Amino acid sequence: MQLELRHLQAVCQIAEAGSLGGAARRLGVSQPALSAQLRRIERVTGGELFVRGRSGVEPTPLGQFVLAKARRVLSEMETLGAETRAMATDTPLRLGCILLVLIDGLLARTDLTLSGRELTVDVEHSVTALVRMLGAGRYDVIVYGEVNDHEVALPRGVLAKTLVPKEPFCIRMSTRHPLAGQEVLDLADLAEEQWMTLVEDDDGGPEALIAACAQAGFVPSLRYRITDRQMRHDLVAAGRAISLTQPTAPAVTGTVMRPLLGTPITGRIRIAWNRSAVSARQAELLYRAAAGAYMANVGNNPFHKVWWDAHPEAHPALD
């Protein structure tokens, strides 16, 4: 038997999972099948690769040597795949995203960045689904958000970079709302409002809103959950609800946007890519395109421009 890539992947998964059972689940095989495969691999390598320790299986000195070589080979193969895909301009780049404000601008910039390469775009309403499909190879790149301290776990083979580490969420309300004339809103003053529920429910947003409202002394009435952007805006303009929104969102007739006192809810925007499909150069170009798209919207609301200029640590890393 000769070692194949699948054997190297199995060895790496065992080391990362710390157990044969955990690695078997990741690989989608039974534990006895993986145990048998490991024995065949060990016959080829000439000795035991793992021994049972207090916290599971641990690599032997030979195992550590094989692991180092295996990771290098797998990394080289992923790089080869990404670079060949990058050269094949007739292969579309598949982008998945949450409906963030910067997406429209990002698409315009990728037309220039990718030099005419076809781009397919799908919008998801679940960060979990988005990440799962990236790991499964349905998407090459995803753009998504996280709220407050929530962190989305990424699958193996995926690299990520934070685009905007922090942005203060604000409130969109009707121009006829009694509080519309205030420059800054105290969350406690919104206790009796009907809220538009956040479209994404697995990015930490709902928990952050409920926790912030609890800190302010009330439980929010989450009445509407609507994915259609225009319908959401129409309901807010009619005074039937208020909504939490990104500070870069554009103006909408009949509504105003106001920051919250103390910025109790903040967002974070990240871009992640499958390194077997996207080269390092492509990833950097996409990152810069997304950064440009975001910064083009910073001036949409004067209060955010003031906040942005005062917080350079929140700016994209473009050096």
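## Exercises on two sheets and a helix crossing

Strands E6 and E12 run antiparallel and are joined by eight bridges. Here helices (H or I, at least four residues) and strands (E, at least two) are DSSP runs, numbered from the N terminus, and two strands pair if DSSP finds at least two bridges between them. The model is predicted, so local features need pLDDT of at least 70 and side-chain atom pairs count only at pLDDT 80 or more, whereas totals for chains, interfaces and linings use all residues. Residues are numbered from 1 along each chain as its sequence is written, and side-chain values use heavy atoms, with hydrogens and water left out.

**Exercise 1. State the overall composition and extent of the protein.**

Step 1. Count the elements: the protein has ten helices and twelve strands.

Step 2. Take the extent of the C-alpha trace along its principal axes, which is about 75 × 45 × 35 Å.

Step 3. Apply the burial criterion: buried means under 20% relative accessible area, exposed over 50%, and partly exposed in between, with a 1.4 Å probe and protein chains only. Of the 319 residues in the protein, 47% are buried.

Step 4. Consider contacts, defined as heavy atoms within 4.5 Å. Among those between residues at least 6 apart in sequence, 74% join residues at least 24 apart.

**Exercise 2. Determine the strand order of the sheet that contains E12, and identify its edges.**

Step 1. The order is E4-E3-E5-E12-E6, an open sheet of five strands with mixed pairing.

Step 2. Strand E4 (119-123) and strand E6 (158-168) each have a single partner strand, so one side of each is left without a neighbour in the sheet.

Step 3. From one strand to the next, the twist averages 20 degrees. Axes are lines fitted to C-alpha atoms, for helices over the stretch in contact, and angles run from 0 to 180 degrees between N-to-C directions.

Step 4. Register the pairs. In E12, Thr266 is the bridge partner of Pro168. Strand E5 (residues 141-147) is linked to E12 (residues 266-274) by seven bridges in the antiparallel sense, and Val141 is opposite Trp273 in E12. Strand E3 (residues 93-97) runs parallel to E5, with three bridges between them; Gly96 has Ile142 of E5 as its bridge partner.

Step 5. Add the helix: H6 (residues 127-135) lies across E3, E5, E6 and E12, at about 150 degrees to E5.

**Exercise 3. Are the faces of E5 covered or uncovered?**

Step 1. Seven of the seven residues of E5 are buried.

Step 2. Separate the faces. Val141, Val143, Gly145 and Val147 lie on one side, with Ile142, Tyr144 and Glu146 on the other, and all are buried; both faces are therefore covered.

**Exercise 4. Describe the sheet that contains E7 in the terms of Exercise 2.**

Step 1. Five strands form an open sheet of mixed pairing, in the order E9-E8-E10-E7-E11.

Step 2. The edges are strand E9 (221-224) and strand E11 (255-259), each with a single partner strand. The twist averages 40 degrees from one strand to the next.

Step 3. E7 (residues 170-174) pairs with E11 in the antiparallel sense over five bridges, and Cys170 has Pro259 of E11 as its bridge partner.

Step 4. Helix H8 (residues 229-237) lies across E7, E8, E9, E10 and E11, and runs at about 65 degrees to E7.

**Exercise 5. Characterise the crossing of H1 and H3.**

Step 1. The axes of H1 (residues 5-17) and H3 (residues 31-45) come within 11 Å and cross at roughly 115 degrees.

Step 2. Angles under 35 degrees count as roughly parallel, over 145 as roughly antiparallel, 65 to 115 as roughly perpendicular and the rest as oblique. H1 and H3 are therefore roughly perpendicular to each other.

Step 3. The crossing is left-handed, a term used if the near helix is turned anticlockwise from the far one by less than a right angle, and right-handed if clockwise.

Step 4. H1 contributes Arg6, His7, Ala10, Val11 and Ile14 to the contact, and H3 contributes Leu34, Gln37, Leu38 and Ile41. These residues divide into six nonpolar, two polar and one charged. Ala, Val, Leu, Ile, Met, Phe, Trp, Tyr, Cys and Pro count as nonpolar, Asp, Glu, Lys and Arg as charged, and the others, Gly among them, as polar.

**Exercise 6. Is Gln13 of H1 buried or exposed?**

Step 1. The relative accessibility of Gln13 is 11%, so Gln13 counts as buried.

Step 2. Leaving aside neighbours within four places in sequence, Gln13 is in contact with Ala23, Arg26, Leu27 and Arg156.
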